[in-house]
Amino acid sequence: MTNKKGGARTLLRQHFLDNLGRVMGSDELREVAGGITEWARRIRELRTEEGYRILTHNDLAELKPGQYVLRDPKPQPAFERGISKETRAYVLDRNGFTCQQCGAVAGEAHPYDQSRKTRLQIGHVIDKSQGGSDEPNNLRALCSVCNEGAANLTLDRPSLHKLLVQVRRATASDQKEVMLWLKSKFES
Ligand SMILES: [Zn+2]
C-alpha cells in the first residue's frame with residue numbers, strides 16, 4: 001500500500017510541474033489527486049511546506065477563485081518563505097540589487113564564478129534560529145553563492161593599497177567603468 005496522503009501530493013506536484021504556466025481548475029486538480037476531498041489542502045502543503053509558488057486568485061487578479069497556476073518550477077528556499085513579495089522588493093531596492101557580502105550585482109556574471117549569473121536572495125542578518133526576525137531591518141540581499149556559504153573563502157576585503165594597485169593596472173576602459181560606478185554610488 002502506498003501512503004495515500006504523500007501519494008496525492010506527489011501526483012499534484014508532478015502535474016503542476018508538467019503543466020507549467022497553464023491555469024488549472026479545481027475539477028482537474030481534484031481528479032489528479034485521486035478524487036480525495038483534501039486535494040486543496042495538499043496544494044496548500046506544496047506551497048507552505050515545499051515552497052512551490054502555486055498562484056491563486058489571491059496572488060493574480062486574472063485568476064478566478066478555484067484556479068491555480070505554477071509558473072516557476074523552482075521552489076522558494078525555506079528561509080524566504082515567510083517574507084512577503086513587498087518586503088523582498090523593498091530590501092533588494094534598499095541594497096541596490098547588490099549582494100551585501102561579495103558585491104555581486106543581480107543579473108551580472110558572478111565575481112567568483114564567471115559562468116554563473118548572479119541571483120539575489122534574501123538572507124537574514126541574525127539567523128532565524130538565533131531569534132532573528134523577518135523584519136526588513138534584519139534582512140539583506142545576498143547572492144546565491146554567498147547565501148550557500150560557498151564564497152566564504154574569498155570574502156576578505158581587499159586592502160586599500162592592493163585595491164589601488166589593481167585599479168592603476170587595469171585598462172583605461174575598466175578604470176572608466178570603476179569611475180562611473182563610483183560616481184553613481186556617491187553622487188545621488
Ligand atoms: Zn555574494
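**A zinc site, salt bridges and a nonpolar patch**

Along the chain, the donors of the zinc ion follow the spacing C-x2-C-x40-C-x2-C. The residues behind this pattern are Cys99, Cys102, Cys143 and Cys146, each of which offers its SG atom to the metal. These protein donors lie 2.3 Å from the zinc ion. The angles among the four donor atoms run from 106 to 114 degrees, and the site is tetrahedral. For four tetrahedral donors the ideal angle at a metal is 109.5 degrees. Of the cysteines, Cys143 and Cys146 are both buried.

The model described here is predicted, and its confidence should be kept in view while reading the details. The mean pLDDT of the protein is 85, and 91% of its residues reach 70 or more. Confidence is highest in helix H2 (residues 26-32), with a mean of 95. It is lowest in strand E4 (residues 113-117), where the mean is 79.

Phe97 belongs to the loop between H4 and strand E3 (109-110). Its phi angle is near 55 degrees, which is a positive value in a residue other than glycine. Phe97 counts as partly exposed because its relative accessibility, 40%, falls between the limits of 20% and 50%. Glu148 is placed in another loop, the one between helix H5 (144-147) and H6. With a relative accessibility of 54%, Glu148 is over the 50% limit and therefore counts as exposed. The C-alpha atom of Glu148 is separated by 33 Å from that of His57, and the two residues are 91 positions apart along the chain.

The charged side chains come next. Side chains of opposite charge can pair when their charged atoms come close. In this model the count comes to 11 salt bridges. One of them joins Glu45 to Arg42, with the closest N and O atoms 3.0 Å apart. Both residues lie in helix H3 (residues 39-48), where a separation of three residues corresponds to about one turn of the helix. Glu45 and Arg42 are both buried.

A further salt bridge is formed by Asp72 and Arg53, whose closest N and O atoms are 3.5 Å apart. This pair links distant parts of the chain, as the partners are 19 residues apart. Asp72 is in the loop between strand E2 (69-70) and helix H4 (85-94), while Arg53 is in the loop between H3 and strand E1 (54-55). Asp72 has a relative accessible area of 31% and is therefore partly exposed. Arg53 is also partly exposed, with a relative accessible area of 33%.

Gln76 lies in the loop between E2 and H4. The C-alpha atoms of Gln76 and Arg53 are separated by 7.1 Å, although the residues are 23 apart along the chain. Gln76 is buried because its relative accessible area, 14%, is under the limit of 20%.

Glu62 and Arg71 make another salt bridge, in which the closest N and O atoms are 3.3 Å apart. Glu62 has a relative accessible area of 59% and is therefore exposed, whereas Arg71, at 46%, is partly exposed. Beyond such pairs, salt bridges that share partners join Arg9, Arg13, Glu38, Arg41, Arg42, Glu45, Glu49 and Glu50 into one network. The pair of Arg42 and Glu45 described above thus belongs to this network.

The surface also carries a nonpolar patch of about 550 Å², made by Leu163, Val167, Val178, Trp181, Leu182 and Phe186. Helix H6 (160-169) and helix H7 (172-186) are the elements that give two or more residues to the patch. The largest share, four residues, comes from H7. Val178 is found in this helix, H7. Val178 is partly exposed because its relative accessible area is 34%, and this value is over the 30% that a residue needs to be part of a patch.

Note on methods. Residues are numbered from 1 along each chain as its sequence is written. This is a predicted model: local features need pLDDT of at least 70, side-chain atom pairs count only at pLDDT 80 or more; totals for chains, interfaces and linings use all residues. Side-chain values use heavy atoms; hydrogens and water are left out. Patches are made of residues with over 30% relative accessible area and no salt bridge: like charges are joined within 9 Å, nonpolar side chains (Val, Leu, Ile, Met, Phe, Trp, Tyr) within 5 Å. Accessible areas come from the Shrake-Rupley method with a 1.4 Å probe; for residues, only the protein chains shown count as cover. A salt bridge is a side-chain nitrogen of Lys or Arg within 4 Å of a carboxyl oxygen of Asp or Glu. Buried means under 20% relative accessible area, exposed over 50%, partly exposed in between (1.4 Å probe, protein chains only). Donors are N, O and S atoms within 2.8 Å of the metal (3.2 Å for Na, K and Ca); water is not among the atoms, so sites may look incomplete. Four donors count as tetrahedral if all angles lie between 85 and 135 degrees; four count as square planar and six as octahedral if opposite donors are over 155 degrees apart and all others between 65 and 115; anything else is irregular. pLDDT is the predictor's confidence in each residue, from 0 to 100.
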